[in-house]
Amino acid sequence: MKAMKQYRGLPSPIYWIFLARLVNTMGAFVHPFLAIYLTETLGYSTAQAGIYVTYSVMAYVPGALIGGRLVDQWGRKRVLLFFQALAACGYLAVVLVPNPIWIPWYLIATAFFNSVAQPAHGAITADLTTPDNRQQAFSFLYLGTNIGFAIGPLIAGFLFNRYLMWIFIGDAVTTLIALFFIARGVPETKPEETAEALGQDRKAEQREEGSLFGVLLRRPTLLIFSFFMILISFVVVQLNFTVPLQFNDWFGTENGKSYYGILMSVNGLTVIALTPFLIHWTQKNSAIFNVGLSNLFYFVAVLMLGIQASLPWYLAMMLVWTAGEILQITNYNVYLANHTPENYRGRFNSVINIIQGTGYAVGPMIMGRFLKTHTTWEVWPMVQIIAMAATIAVMALFVWEKRFAKSRARKKVEKSELKTETQNAR
């Protein structure tokens, strides 16, 4: 199959990371049902659950800042192995000390440990790839993530209703297995090892000196892009917070969890089926254009969420949503990697993702408070406006970048012609 050939010839560690992602997400049982677990099992209100989910997302900020510096100074692989192992221990703590008062804090600690490890993922992949194969590598790893995720929620839905504690045990065990694959097949990547291989065509990736803030300011479009992405992250988080609550409202608590598990499995299956083709069809587009296109898909999906409630309709919505998700996740990472100095990859990954992730952090809290006095149906008009604003903003930045690139190329030609005329005059 032509679309699958693009994944041949990638660096061998990428295939080990693929296996690790597959196993880890196959056992990602806790996160998809976190809002329901806090409200139904532990008895928290939707507002309280929103606050705890927000805390777990906010734990990303200090964790990612710490992780970004450690990744650049201590090493990508070391940080990944150590802190994700601690995250596995956090899940086991829920089983070993199942005190309802402490459980939300265990989960917040687990989110913190995962966030320390998070900058290592993007940094390793960027270290191992070039702009020529970067989109293929990121999309291949995303494919592995979703092969596992197509199976995980179905298992989690079954365990949630029958063997609740096993969702935590399973998440911990699969995390440790994934770390074994990383330890076995992925080398420690160091910026110094790739410095000499970067040419003028990868000028934005060349080493920089100075403060993190100063280096960031020398890349204003990357900062503007990350602020625009706050809008779409606010939209995306509703799939994990508002949608499962809406399913419970319309289908009942028992069917709601099962139907939501089916919905998320369809998400994973659609990624498996559609990713190779969508990446193949859009690989000639610039990364930022593809991100804008993904925002448009999200807008259409959110429109569908506000129209009617039936399982077939939600499944159709998920097909549109997943198309946006594929384009966003793969191209967002490519855009970030292509604009990041190699010796700042960990710190750039942490800071830019913190900015972009603000929407993930405030989304559950805002909607948790909103749902105290409104229905889940009343959420979607607001979310639709935000999704459209995100689409317009990113597309506007794409147009500006394109015009700036043409202007810079024109000035370069004019400068070359002037130099030639001066030499001829002599």
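Five salt bridges: that is what this structure holds. Keep in mind that we are looking at a predicted model. Why would such pairs form at all? Side chains of opposite charge can pair when their charged atoms come close.

Let's take some of them in turn.

Start with aspartate 72. Its partner is arginine 76, and the closest N and O atoms are 3.0 Å apart. Are these two buried or exposed? Aspartate 72 has a relative accessible area of 13%, so it is buried. Arginine 76 is buried too, because its value is 0%. The cut-off for buried is under 20%.

Next, arginine 78. Its side chain meets that of glutamate 188 in a salt bridge, at 3.9 Å from N to O. Now find them on the chain. Arginine 78 sits in helix H6, residues 76-96. Glutamate 188 sits in the loop between helix H9 (166-185) and helix H10 (191-194). They are 110 residues apart in sequence, so this pair ties together separate parts of the chain. Arginine 78 is partly exposed, because its relative accessibility is 40%. Glutamate 188 has 19%, so it counts as buried.

Third pair: arginine 345 and aspartate 127. Here the N to O distance is 2.6 Å. This bridge links distant parts of the chain, 218 residues apart. Arginine 345 is in helix H17, residues 345-356. Aspartate 127 is in helix H7, residues 103-128. Both residues are buried.

Which residues join up into a network of salt bridges? They are Asp72, Arg76, Asp127, Arg345 and Arg347. Two of the pairs I just showed you are in there.

Now step back to the whole chain. It has 19 helices and zero strands. There are 426 residues, and 56% of them count as buried. The exposed surface is about 18,800 Å², with carbon and sulfur atoms supplying 66% of it. What about contacts between residues at least 6 apart in sequence? Of those, 85% join residues at least 24 apart.

One last residue: asparagine 290. Look for it in helix H15, residues 287-305. Its relative accessibility is 0%, so asparagine 290 counts as buried. What is it in contact with, leaving aside neighbours within four places in sequence? The list is Gln135, Thr282, Asn285, Leu327 and Asn331.

To finish, go back to the model and find arginine 345 and aspartate 127, the pair that meets at 2.6 Å. Then trace the network from Asp72 and Arg76 through to Arg347.

Methods: Residues are numbered from 1 along each chain as its sequence is written. This is a predicted model: local features need pLDDT of at least 70, side-chain atom pairs count only at pLDDT 80 or more; totals for chains, interfaces and linings use all residues. Side-chain values use heavy atoms; hydrogens and water are left out. Helices (H or I, at least four residues) and strands (E, at least two) are DSSP runs, numbered from the N terminus. Buried means under 20% relative accessible area, exposed over 50%, partly exposed in between (1.4 Å probe, protein chains only). Contact means heavy atoms within 4.5 Å. Accessible areas come from the Shrake-Rupley method with a 1.4 Å probe; for residues, only the protein chains shown count as cover. A salt bridge is a side-chain nitrogen of Lys or Arg within 4 Å of a carboxyl oxygen of Asp or Glu.
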